[in-house]
Amino acid sequence: MSEESDLERTEEATPRRLEKAREEGQVARSQELTTFTLLMSAAVGILMMGAALMDKLVKIMQSGMQMERELAFQPELMINRFYELAIEGLISMAPMLFLLLVVAFFAPMLLSGWLISAKAVIPDFKRIDPIKGFSRIFSMRSLIELVKAILKTIIIGGVAVWVIWHNKESVMALLTVSIDLGISRTGDFLATSFLLIIGAMIMIVGIDVPFQLWQHAKQLRMTQDEVRKEHKESEGDPYVKSRIRNLQREAARRRMMSEIPKADVIVTNPTHYAVALRYQSNSMRAPKVVAKGVHLLAARIREIATEHRIPILEAPPLARALYHHSELESEIPEKLYTAVAEVLAYVFQLRRYNEYGGSEPKPPIDVPVPAELDQVKFAV
């Protein structure tokens, strides 16, 4: 079952999956990189501070080896003296210890950066499942870890043997020098040997870091169903989104229809297009489109206009231009100012005629519309 599951996980982890895994504390970590960084820092620290540290420790040792007669008969003085020497030793080693503490804190962040996850420390009883634990012992990951351990032993052991064999004459020569010079040379030899041996771990780190990154990416791989499900959760169910859009369009349509009784004129095609215009000289810089539609919606706009006695003017080019180049609740294009001005002039004359009588105004004919705005003049 697990093999089939692994075969099905062919998709790379999505950003959301990576973020979720990071929140749970699942990031790529290389223990070899952390160990190498810590040991290499210790080697560099010994080379830089080893001489001073050695001098201080030698002085502490010399002071501790001196025996005074009073200390032999007063144990409490010996305890105090031991305490003082221990404090001096810790102070002497404080720079080295501080360096190792800082490196130990930041070394794990080299591969995956800073991470604070509360979920990683929550008890998980699945981790102590004996069946899963037994399967992990004989897993491919355990086999790779075993190979790494053998390889590490061979490399580090081989380098150590080479260093000792290469410096065997120098080591034997230490027997012929003074104690102070022997201690100094021994310290240099150990520091240099330690640095070379730890440097050999670069090979192991070079293998382990890519493997950990690959293993982490493999563990977070997803099936196609998981990718589709995540996409649906993040982007929303297409059916629900379609339903929401339909509701929004319906609400916008109802809102648009409620604005038709406030319009000053309806410009029509006459049957295919209908655009409702409104203009208030005291609050608008230019006329605005309050409703527009085609076919059935255009017919409904004309019905509502007829019910509320809104003038309807047949001007096919202007109706098409207004429909295609104007947005709802927006001002008409500047290129249509002249044409709409003729229409509104007719509407205001018609309104005056209905109120005071007189000669009935004639609707404008051949309203001027720029040819580039009437893109569908041959369509209907």
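Q: Why is Arg-309 called exposed in this predicted model?
A: Its relative accessible area is 78%. Exposed means over 50%. The value passes that cut-off, so Arg-309 counts as exposed.

Q: Where is Arg-309, and what is its phi near?
A: Arg-309 sits in the loop between helix 14 (296-307) and strand 4 (312-314). Its phi is near 60°, a positive value in a residue other than glycine. Most residues other than glycine have a negative phi.

Q: What makes Glu-329 partly exposed?
A: The relative accessible area of Glu-329 is 48%. Buried means under 20%, exposed over 50%, and partly exposed is in between. The value falls in between, so Glu-329 is partly exposed. This residue lies in the loop between helix 15 and helix 16. Phi of Glu-329 is near 60°, again positive in a residue other than glycine.

Q: How do you know that Glu-331 and Arg-285 form a salt bridge?
A: Their side chains meet at 2.7 Å, N to O. The cut-off is within 4 Å. The distance fits, so the pair counts as a salt bridge.

Q: What parts of the chain does the pair of Glu-331 and Arg-285 link?
A: The pair links distant parts, 46 residues apart. Glu-331 is in the loop between helix 15 (316-325) and helix 16 (337-356). Arg-285 is in the loop between strand 2 and strand 3 (288-294).

Q: Why is Arg-285 called exposed, and Glu-331 partly exposed?
A: Arg-285 has a relative accessible area of 60%. That is over 50%, so Arg-285 is exposed. Glu-331 has 28%. That lies between 20% and 50%, so Glu-331 is partly exposed.

Q: What makes the contact of Lys-335 with Glu-372 a salt bridge?
A: The N to O distance is 3.4 Å. A salt bridge needs a nitrogen within 4 Å of a carboxyl oxygen, so this pair qualifies. The two residues are 37 apart and link distant parts of the chain. Lys-335 is in the loop between helix 15 and helix 16, and Glu-372 is in the segment after helix 16.

Q: Which class does each of Lys-335 and Glu-372 fall in, exposed or partly exposed?
A: Lys-335 has 52%, over the 50% cut-off, so it is exposed. Glu-372 has 44%, under that cut-off but not under 20%, so it is partly exposed.

Q: How do you know that Glu-250 and Arg-254 form a salt bridge?
A: Their closest N and O atoms are 3.8 Å apart. That is within 4 Å, so the pair counts. Both residues lie in helix 13, four residues apart, about one turn of the helix. Arg-254 is exposed because its relative accessibility is 53%, over 50%. Glu-250 is partly exposed because its 34% falls between the cut-offs.

Q: How many salt bridges does a search of the whole structure find?
A: It finds six.

Q: What makes the surface patch with Arg-245 positive?
A: The patch is formed by Lys-241, Arg-245, Arg-249 and Arg-253. Lys and Arg count as positive, so the patch is positive. Arg-245 lies in helix 13 (residues 238-259). At 41% relative accessibility, Arg-245 passes the 30% needed for a patch but not the 50% for exposed, so it counts as partly exposed.

Q: Where is confidence lowest, and where is it highest?
A: Helix 1 (residues 2-8) is lowest, at a mean of 53. Strand 2 (residues 273-278) is highest, at 93. The mean pLDDT of the protein is 79, and 83% of its residues reach 70 or more.

Note on methods:
Residues are numbered from 1 along each chain as its sequence is written. This is a predicted model: local features need pLDDT of at least 70, side-chain atom pairs count only at pLDDT 80 or more; totals for chains, interfaces and linings use all residues. Side-chain values use heavy atoms; hydrogens and water are left out. Patches are made of residues with over 30% relative accessible area and no salt bridge: like charges are joined within 9 Å, nonpolar side chains (Val, Leu, Ile, Met, Phe, Trp, Tyr) within 5 Å. Accessible areas come from the Shrake-Rupley method with a 1.4 Å probe; for residues, only the protein chains shown count as cover. The place of a charge is taken as NZ of Lys, CZ of Arg, CG of Asp or CD of Glu. Buried means under 20% relative accessible area, exposed over 50%, partly exposed in between (1.4 Å probe, protein chains only). pLDDT is the predictor's confidence in each residue, from 0 to 100.
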